[in-house]
Amino acid sequence: MRRVSKRLSSFAAPAVVLGLLAGCAGAGLFGYAPPVPNAPLQDRRVVDAGYDETWNGLIDYAASTFFTIDNFEKDSGLMTLGFGDGNMARFVDCGTWTEDTGGTTPYAARTNQGLELRARMNLRVRSLSESQTEIRVSSRYVVRNKSGHVWDFTTNNPATVDISSTSALGTQPTRTCQSSLAAEKEILNGVEALARR
């Protein structure tokens, strides 16, 4: 009987380990998944309206939305807008986080990460003719977490940062953030609609 029990106990330990590993594999949804890469945004829009009408439409539209107008200069056609302070997950896609219970949330919305966003959009308005104006949009995003990691990226260029020193055990060591393109599309579509009135 002793031989049998020794044999059973020698098989039991590996079986338990294999069972635990199988359980982990089954619950393999836990952890971080990076965002699906965006198709590049066409950052220029030609508006069928004159320069003054387009510029006034831009000012009116920006002032009526979540954007804050940081500065502008009509003669040069330059304007800088700030955004993103109140709803980071709307403007930034940093992938998703899946809990061991199976629930999934946007990584940018996880309050325990202490993520903060500073985003600025540069607009360049240029007359093409008396009845056409070009608007060009480019945004810069700076995301920081409570551990001091920084993601610095632009409209069409994501950023990946190694956070292995603070990442959850068993999850991949990097996190990627990119623009959701929501702010850029909002301003391009809004200005075009206003200018065509």
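**A guided tour: the disulfide and strand S9**

The structure holds 1 disulfide. The model shown here is predicted, and the tour begins at this bond.

**First stop: the cysteine pair**

Select Cys94 and Cys177, which the disulfide joins with an S to S distance of 2.0 Å. In general, such a bond is covalent and lies between the sulfur atoms of two cysteines. Turn the view to look along the S-S bond: the torsion about the bond of Cys94 and Cys177 is about 110°, so this disulfide is right-handed. The pair links distant parts of the chain, since Cys94 and Cys177 are 83 residues apart. Cys94 lies in the loop between strand S5 (92–93) and strand S6 (96–98), whereas Cys177 belongs to strand S12 (residues 174–179). Are these two cysteines buried or exposed? Both Cys94 and Cys177 are buried.

**Second stop: strand S9 and its partners**

Next, select strand S9, residues 132–144. Which strands pair with S9? Strand S2, S8 and S10 are among its partners.

- Select strand S2 (residues 44–47), which runs antiparallel to S9 and is joined to S9 by 4 bridges. Within this pairing, Arg45 has Ile135 of S9 as its bridge partner.
- Select strand S8 (residues 116–129), which is also antiparallel to S9, with 13 bridges between them. Here Ser127 is partnered by Thr133 of S9. Follow the chain from S8 into S9 and a hairpin appears, with 2 residues making the connection.
- Select strand S10 (residues 150–154), whose antiparallel pairing with S9 comprises 5 bridges. Tyr141 can be found opposite Phe153 of S10. S9 and S10 also form a hairpin, with 5 residues between the strands. In this hairpin, select Gly148, which takes a positive phi near 95°.

**Third stop: Ser139**

Remain on strand S9 and select Ser139, which is found there. Why does Ser139 count as buried? Its relative accessibility is 3%, and buried means under 20%, so Ser139 falls in the buried class.

Now add Glu184 to the selection. The side chains of Ser139 and Glu184 are joined by a polar contact of 3.2 Å. To see the wider surroundings, display the residues in contact with Ser139, leaving aside its neighbours within four places in sequence. These are Phe83, Arg120, Met121, Phe153, Thr154, Thr155 and Glu184. Phe153, on this list, has already appeared on the tour as the residue of S10 opposite Tyr141.

Key: Residues are numbered from 1 along each chain as its sequence is written. This is a predicted model: local features need pLDDT of at least 70, side-chain atom pairs count only at pLDDT 80 or more; totals for chains, interfaces and linings use all residues. Side-chain values use heavy atoms; hydrogens and water are left out. Two strands pair if DSSP finds at least two bridges between them. A disulfide is a pair of cysteine sulfur atoms within 2.5 Å. Buried means under 20% relative accessible area, exposed over 50%, partly exposed in between (1.4 Å probe, protein chains only). A polar contact is a pair of N or O atoms within 3.5 Å; within protein, one must be able to donate a hydrogen and the other to accept it, and residues adjacent in sequence count only if both atoms are side-chain atoms. Contact means heavy atoms within 4.5 Å.
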